Amino acid sequence: AADRGVYTELRRLLKSGARASTGQKIPLVELALPRFRTLSSNQIKLFLDNLQVLIRADKRVSLFEWCLAKVVRRYVAGILPEHRPRGRASLDLASTADAAVILFSTFARLAANPDCNPKELFTAACAEAGLSGYALQSAASLGLAAIDQALDRLALLAPAEKSRLLRGCIRCLCAQHTVPQQQWELLRGVCATLDVPMPLLPAAQ
């Protein structure tokens, strides 16, 4: 179910032929987010329910869909109290290192450049964040569920610790002239969850 007029408006947009490139979709969503503040709580909850149904319609969740849900839900958390993270943002990276390792491992393994060594990228990210003695996680252990759980934990970092974490993530990107789309989408989701601005980076391809 959806609000009256949503289906008609959706059909109108589809018939218009308007299309956004992959790299434009999340920024367009972010531009539209303030419209949530004109909706009632019930309308917002209905929208979130419909978003979840659409994401799970094909019985799989892509990185883009995960990022989209993270960005939307993080914004909604500022409107609906029940969606706000539980706990106080006061943790340090040392106490959440296992979660940071999952995040750095994911960024390192998403590097599109064949000349990039995931282990070297991971080690550089840990060094940038002030962590040592950790190993790159296997690709099989880095599903979206693991990333989602790790990020929810990292959302409770103190502001200065979030900055260290973000520098580590970026260290996995800056070895390349442009940011691969999957890394860019993951970084969007990370910034939305941490409630920090998206850094200026080379254009995604």
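This passage describes the two largest pockets and the salt bridges of a predicted model.

The largest pocket encloses about 1,800 Å³ of space. Its lining is made up of 32 residues, and those closest to the centre of the pocket are Leu-10, Leu-13, Val-29, Phe-47 and Leu-54. Four helices each contribute at least two residues to this lining, namely helix H1 (6-16), helix H2 (22-32), helix H3 (41-55) and helix H4 (63-76). Of the elements involved, H3 provides the largest share, with 7 residues. When the lining of the largest pocket is sorted by class, 23 residues are nonpolar, 3 are polar and 6 are charged.

The second largest pocket has a volume of about 510 Å³. A total of 22 residues line this second pocket, and Ala-69, Lys-70, Arg-73, Asp-148 and Asp-152 lie nearest its centre. Two or more lining residues are given by each of H3, H4 and helix H7 (144-154). Here the largest share comes from H4, which supplies 6 residues. The lining of the second largest pocket comprises 10 nonpolar, 3 polar and 9 charged residues. Helices H3 and H4 thus appear among the contributors to the largest pocket and also among those of the second largest pocket.

Charged side chains were examined next. Across the whole structure, 8 salt bridges are found. One of them pairs Asp-195 with Arg-74, with 3.9 Å between the closest N and O atoms. Because Asp-195 is located in the segment after helix H9 (181-194) and Arg-74 in helix H4, this pair ties together parts that are 121 residues apart in sequence. The two partners fall into separate accessibility classes: Asp-195 is exposed, at a relative accessible area of 58%, whereas Arg-74, at 22% relative accessibility, is partly exposed. Helix H4, where Arg-74 is found, is also the helix that gives the largest share of the lining of the second largest pocket.

A further salt bridge is formed by Glu-128 and Arg-167, whose closest N and O atoms are 3.8 Å apart. Glu-128 belongs to helix H6 (residues 118-129) and Arg-167 to helix H8 (residues 159-171), so the pair ties together parts that are 39 residues apart in sequence. Glu-128 is partly exposed, with a relative accessible area of 35%, and Arg-167 is likewise partly exposed, at 37% relative accessibility.

Helix H8 also holds a salt bridge between two of its own residues, Glu-161 and Arg-164. The closest N and O atoms of this pair are 2.8 Å apart. Glu-161 and Arg-164 are separated by 3 residues, about one turn of the helix. Glu-161 has a relative accessible area of 13% and therefore counts as buried, while Arg-164, at 23% relative accessibility, counts as partly exposed.

Finally, Lys-70, Asp-148 and Asp-152 are joined into one network by salt bridges that share partners. Lys-70, Asp-148 and Asp-152 are also among the residues nearest the centre of the second largest pocket. The network and the lining of that pocket therefore have these three residues in common.

Terms used
Residues are numbered from 1 along each chain as its sequence is written. This is a predicted model: local features need pLDDT of at least 70, side-chain atom pairs count only at pLDDT 80 or more; totals for chains, interfaces and linings use all residues. Side-chain values use heavy atoms; hydrogens and water are left out. On a 1 Å grid over the protein atoms alone, a cavity is a set of points where a 1.4 Å probe fits but cannot get out, and a pocket is an open set with protein on both sides within 12 Å along at least five of seven lines; lining residues have an atom within 4 Å of a point. Grid points are joined across faces, edges and corners, and a volume is the space filled by probe spheres set on the points. Ala, Val, Leu, Ile, Met, Phe, Trp, Tyr, Cys and Pro count as nonpolar, Asp, Glu, Lys and Arg as charged, and the others, Gly among them, as polar. A salt bridge is a side-chain nitrogen of Lys or Arg within 4 Å of a carboxyl oxygen of Asp or Glu. Buried means under 20% relative accessible area, exposed over 50%, partly exposed in between (1.4 Å probe, protein chains only).
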